[in-house]
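Please walk through this model with the structure open beside the text. The account begins with a single residue and then widens to the whole chain.

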Amino acid sequence: MSTIATRLQALLRPGDTLWWGQATAEPLTLTRTLVQHRHALAQGGRLQVFVGLGLSDTLQPAHADVLDFLGYAASGPHRALAQAGVLDIIPSHYSQLPPLIAQGHIPADVVLLQVSPPDAQGRHSLGQVREYLPAAMEHARVIVGEVHRDVPWTAGGPYLQAGDFDLLIDSDADLLDMARTEPGTVEQAIAAHIAGLVEDGSCLQLGVGNLPEAVLTALHRHRDLGLHSGAIGDGVVALADAGVLTHARKSVDPGIGTAGVLMGGAGLRQWAHCNPRLQMRDTAYTHHPEVLAAMDKLVAINSAIEVDLTGQINAEVAGGIYMGAVGGAVDFLRGAARSKGGLPILALPSTAKTHSRIVPRLGGPVSTPRADAGLIVTEHGVADLRGQPLSRRVRRLIDIAAPQHREHLEQQAHGLLRQCGAVFPC
């Protein structure tokens, strides 16, 4: 075994549950050592791994010979785990992960961290991520750190001294970058609709991917926008450099942007490094209902797989394959709905290949109930469902569906509304 594996073996116990930062914050040297030497590290038993969003190919279905996979999502490379039937999904709201750890419902025995080099006071930062890791660290028996010279030092705590780690190693593995492609015409059209809804001085929450990046680009003529988001991508850098993202009018944390994880590339890491106007915070703060409700003009922009004609949202399953998550959408939609001047937005293209994403009935679970649906946006327009009865919801959603699918949706709507005790308007 390698030296690192030998040292890990002395710290691990059969039956342990291991956590690490998701996506860009995966400590690759440690995680690759884990899977390469998993039989020796399990010491005749099994180990459990909590799985977040994936960017690497570290975890493979074949590793289920010794490793049990547990997680809240099945995106990117981790989708293969779900397809192989070896990923056990926890269908939880993102805000509930810290209390589930604290109450012992989800064990956290060992935490593997990707950390920055120490500052002048000897403090290592958690760099690109906070999210649920502080909650896991608080209850873990073992904390292992992987120091990388290119991990940014970010404010927001918690900070760790060398003596806080049970094992601390150096790593020169390539950091993971979130792949980025230019938004297409559909994403640009959706972004234009959203930009028309956003007022100057609003506070933004966005997911990651082409659509959120398109929204950020469409907001470059706005003024004094703020940031409070679970994840942020490369687009925030350009918005900040353009003088748009000032956080000046934030009613909570004025002058400071807050985020849970950096999901971008080298440019985002460099911008975040020692940036006094950015704080990385844990899920217990970024997703807290009272924090979100206290933010004026909170614009929550999330996406999904499909929406039914009454406003129910499926963000988890497509074609019988688990490929998404419950995630933080409900947390942020509810927060924006309670925010003074807030906008709870769900954005998605109207079609996936030839199939409509506005459907009579969902093909998967209800990730977000229709009671929490706010504004649904496609490239064809905006359907404001707030305070609307079922009949108007159906009409408004059909109006933003792809034109080639509207006739079929209208035909299905009559029977659907009869089942709900409502009447479809002529």
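Gln43 is partly exposed, because its relative accessible area is 38%, a value that falls between the limits of under 20% for buried and over 50% for exposed. In this predicted model, Gln43 sits in the loop that links helix H3 (38-42) to strand S2 (47-51), and although Gln43 is not a glycine, its phi is positive, at about 55°. A positive phi of about 55° also occurs at Asp253, again a residue that is not a glycine, and Asp253 is placed in the loop between helix H9 (235-241) and strand S10 (257-262). Another backbone feature is found at Pro158, where the peptide bond coming from Gly157 is cis, with omega near -10°; Pro158 belongs to the loop between strand S6 (142-148) and S7.

Helix H2 can be examined next. Since 7 of the 9 residues of helix H2 (residues 28-36) are buried, the helix is largely enclosed by the rest of the structure. The buried residues of H2 are Leu28, Thr29, Leu30, Thr31, Thr33, Leu34 and Val35, a list in which threonines appear alongside leucines and a valine. An α-helix has 3.6 residues a turn, so residues three or four places apart point the same way.

Two loop residues show how positions separated along the chain are arranged in space. Thr181 is found in the loop between strand S7 (167-171) and helix H7 (185-197), and with a relative accessible area of 48% it counts as partly exposed. Thr181 and Gly209 are 28 residues apart along the chain, while their C-alpha atoms are separated by 8.5 Å. Ile305, in turn, lies in the loop between strand S12 (298-302) and strand S13 (306-308), and because its relative accessibility is 19%, Ile305 counts as buried, the cut-off being under 20%. From C-alpha to C-alpha, Ile305 and Thr351 are 9.8 Å apart, with their positions 46 residues apart in sequence. Leaving aside residues up to four places away in sequence, Ile305 touches Asn314, Ala315, Glu316, Val317, Ala318, Met323, Leu348 and Arg357.

Which residues touch the most other members of the largest nonpolar core? That core has 34 residues, and the ones in question are Ile194, Leu204, Ile232 and Val236. Apart from this core lies another, of 33 residues, which includes Ile90, Val115, Val261 and Met263. To return to Val236, its contacts beyond residues up to four places away in sequence are with Leu216, Leu227, Leu245, Leu268 and Trp271.

The cysteines deserve a brief look as well. Cys203 counts as buried because its relative accessibility is 3%, whereas Cys274, at 49%, counts as partly exposed. With a disulfide taken as a pair of cysteine sulfur atoms within 2.5 Å, the count for this model comes to 0.

The UniProt record offers a way of dividing the chain, although its entry is unreviewed and such annotations may be inferred rather than shown by experiment. The record places the feature "domain: Acetyl-CoA hydrolase/transferase N-terminal" at residues 15-162; in the model this span is 22% helix and 20% strand, and its end C-alpha atoms lie 27 Å apart. The UniProt annotation "domain: Acetyl-CoA hydrolase/transferase C-terminal", likewise from an unreviewed entry, covers residues 267-413. Over residues 267-413 the chain is 31% helix and 24% strand, with the end C-alpha atoms 48 Å apart.

For the protein as a whole, the secondary structure comes to 15 helices and 22 strands. The C-alpha atoms fill a box of roughly 75 × 45 × 35 Å along the principal axes, and the radius of gyration of 22 Å agrees with the value near 22 Å that a compact globule of 426 residues would have. Of these 426 residues, 57% count as buried. Among contacts with a separation of 6 or more, 69% join residues 24 or more positions apart. The protein exposes about 16700 Å², of which carbon and sulfur atoms supply 49%.

Notes
Residues are numbered from 1 along each chain as its sequence is written. This is a predicted model: local features need pLDDT of at least 70, side-chain atom pairs count only at pLDDT 80 or more; totals for chains, interfaces and linings use all residues. Side-chain values use heavy atoms; hydrogens and water are left out. Helices (H or I, at least four residues) and strands (E, at least two) are DSSP runs, numbered from the N terminus. Buried means under 20% relative accessible area, exposed over 50%, partly exposed in between (1.4 Å probe, protein chains only). Contact means heavy atoms within 4.5 Å. A nonpolar core is a set of buried Ala, Val, Leu, Ile, Met, Phe, Trp, Tyr and Cys residues joined through side-chain atoms within 4.5 Å. The radius of gyration is taken over C-alpha atoms; the globule rule is 2.2 Å times the number of residues to the power 0.38. Accessible areas come from the Shrake-Rupley method with a 1.4 Å probe; for residues, only the protein chains shown count as cover.
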